[in-house]
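Me: I am new to this structure and would like a close look at how its strands are put together. Please start from a single pair of residues and work outwards, taking in the empty spaces once the strands are clear.

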Amino acid sequence: MGEKRRLTIPARLDSVPIAREFVTEAARAAGLGSRAVYHCQMAVDEACTNIIEHGYGGREGTIDLECHILDDRLVISITDDSPRFNPLEIEEPNPDASLDDRSGGGWGIYFMKKMMDEIHWSYRGGRNRLTMIKRLKSRPDEHLRDEALVSASEIKPGVWVIGLSGRLDSVTAPRLERTLGDEVSAGHVRMIVDMSGVEYISSSGLKALVKTWRAARKQGGDVLLASLRPEVAEVFELIGFTQVFGIYPSVDEALAGAGW
Amino acid sequence: MEITVSELKRVTLFVIQGRVDSTNASELGEALKSQLSSGRYRLVIDLSGVEYMSSAGLREMVTALKTARKNGGDVRLANPSDRVREVLELAGLDSIFEIYPSQVEAVGSF
């Protein structure tokens, strides 16, 4: 593990460039290329701007930033004391919307999700903590929009909703497996996987889910699946995995079904 | 961020240099609005000198675009860097704004 860099800024817009500078240095030191550095800058900028404008809403406060390298990933954590707010629950704006249908909101969070490889949110000890991860080695064959995206948020104490999107295939499965493995190691063993954004799942993707399920069960937890698209649900039915996983039409129903 | 505004015969040209973010996007918004409210609805924004733009900057450009189009005008963009172009593309704005490779072409398009 690399050394941790830390910075605390006052929750004012004029400190946003300082936060951006801070992450730029960390990202460059981690060996990221200029495009990836830009992604980190923008993600931190948008996250801090949101916390200042909506979280603190003009009240005084501070934001703590922390960057470190974990294996092949740059981990950026942003912690604040503003009221509990999970940015991952915000409805995503639609990039295909016409000019008239654009209201202007939600784009900051959208960029954070698009530009980082993973985003996690939690609320602990009265603090919002957003963790954003950028992989240090990107595969040359992948396009930003095609990446499988993982997001995690604690919807109630001890229950984590993992949002997946894109294609869960042999290319993305190793990352999926590692990310879900990290969740289990962190003690997040009650998981509801929101599959609504998953377009395709291959055997490697299934294997990653089963491995996570097994590890979670071993620790007294469970992995439930919610909101599968019909074509993905069909794969689960074909191979009989509906016997393994609890599968629910929605995250709320999974929550109720498990009695969590 | 520095904004240079030139009122040409048929078009107002904005040349922006530096970084556009939540700390200064409102200045850009005000500059665009002051042209629109004086009845000049044909605007070109030269982005070639913009090294960074966050969603706050995009929001101001979209707001100006709505007003301009409602009044029969347009906001056209010139020569965004690769980084800024990627941001425009992710937001789907590359198909909403007319984007030209150079300032001359953007101005000449009106």
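**From one residue pair outwards**

Reply: In strand 5 of chain B, the residue that stands opposite Ala78(B) is Tyr100(B). This is a predicted model, and the pair is a good place to begin reading it. Ala78(B) lies in strand 4 of chain B, residues 74-78, which runs parallel to strand 5 of chain B and is joined to strand 5 by three bridges. In general, the strands of a sheet pair through backbone hydrogen bonds, and they do so either parallel or antiparallel.

Stepping back from this pair, one finds an open sheet of five strands in chain B, arranged in the order 1-2-3-4-5, with mixed pairing. Strand 1, residues 2-7, and strand 5, residues 98-100, are the edge strands of this chain B sheet, since each of them pairs on one side only. On average, and with direction ignored, neighbouring strands of the sheet are turned by 25 degrees against each other.

Parallel pairing is also found in chain A, where strand 7, residues 159-168, and strand 8, residues 190-201, are paired in the parallel sense over eight bridges. Within this pairing, Gly166(A) has Val198(A) of strand 8 as its bridge partner. To get from strand 7 to strand 8 the chain passes through helix 4 of chain A, and the resulting β-α-β crossover is right-handed. Strand 8 of chain A also runs parallel to strand 9, residues 222-226, to which five bridges join it; here Arg190(A) has Asp222(A) of strand 9 as its bridge partner. Another right-handed β-α-β unit is made by strand 8, helix 5 (residues 203-218) and strand 9 of chain A.

From the strands we can turn to the empty spaces. In general, such space is revealed by rolling a probe the size of a water molecule over the atoms. The second largest pocket holds about 510 Å³ of space. It is lined by 19 residues, of which Val75(A), His120(A), Thr131(A), Ala186(A) and His188(A) are the closest to its centre. Two or more lining residues come from each of strand 2 (62-70), strand 3 (73-80), strand 4 (118-124), strand 5 (127-135) and helix 4 (173-185) of chain A, and strand 4 of chain A gives the most, with five residues. Domain 1 (1-138) and domain 2 (143-260) of chain A each supply at least three residues to this lining, whose residues divide by class into six nonpolar, seven polar and six charged.

Cavities are a separate matter: the whole structure has two of 30 Å³ or more, and the largest cavity has a volume of about 110 Å³. Its lining includes Arg102(A), Ser103(A), Gly104(A) and Trp107(A) from chain A, as well as residues of chain B, among them Ser55(B), Lys66(B) and Leu93(B). Helix 2 of chain B, residues 55-70, gives the largest share of that lining, five residues. By class, the lining of the largest cavity is made up of five nonpolar, three polar and three charged residues.

Terms used
Residues are numbered from 1 along each chain as its sequence is written. Chains are lettered from A and ligands numbered from 1 in the order in which they are written. This is a predicted model: local features need pLDDT of at least 70, side-chain atom pairs count only at pLDDT 80 or more; totals for chains, interfaces and linings use all residues. Side-chain values use heavy atoms; hydrogens and water are left out. On a 1 Å grid over the protein atoms alone, a cavity is a set of points where a 1.4 Å probe fits but cannot get out, and a pocket is an open set with protein on both sides within 12 Å along at least five of seven lines; lining residues have an atom within 4 Å of a point. Grid points are joined across faces, edges and corners, and a volume is the space filled by probe spheres set on the points. Helices (H or I, at least four residues) and strands (E, at least two) are DSSP runs, numbered from the N terminus. Ala, Val, Leu, Ile, Met, Phe, Trp, Tyr, Cys and Pro count as nonpolar, Asp, Glu, Lys and Arg as charged, and the others, Gly among them, as polar. Domain bounds come from an automatic or database domain assignment. Two strands pair if DSSP finds at least two bridges between them. A crossover is right-handed if, with the strands pointing away from the viewer, the path from the first strand over the helix to the second runs clockwise. Axes are lines fitted to C-alpha atoms, for helices over the stretch in contact, and angles run from 0 to 180 degrees between N-to-C directions.
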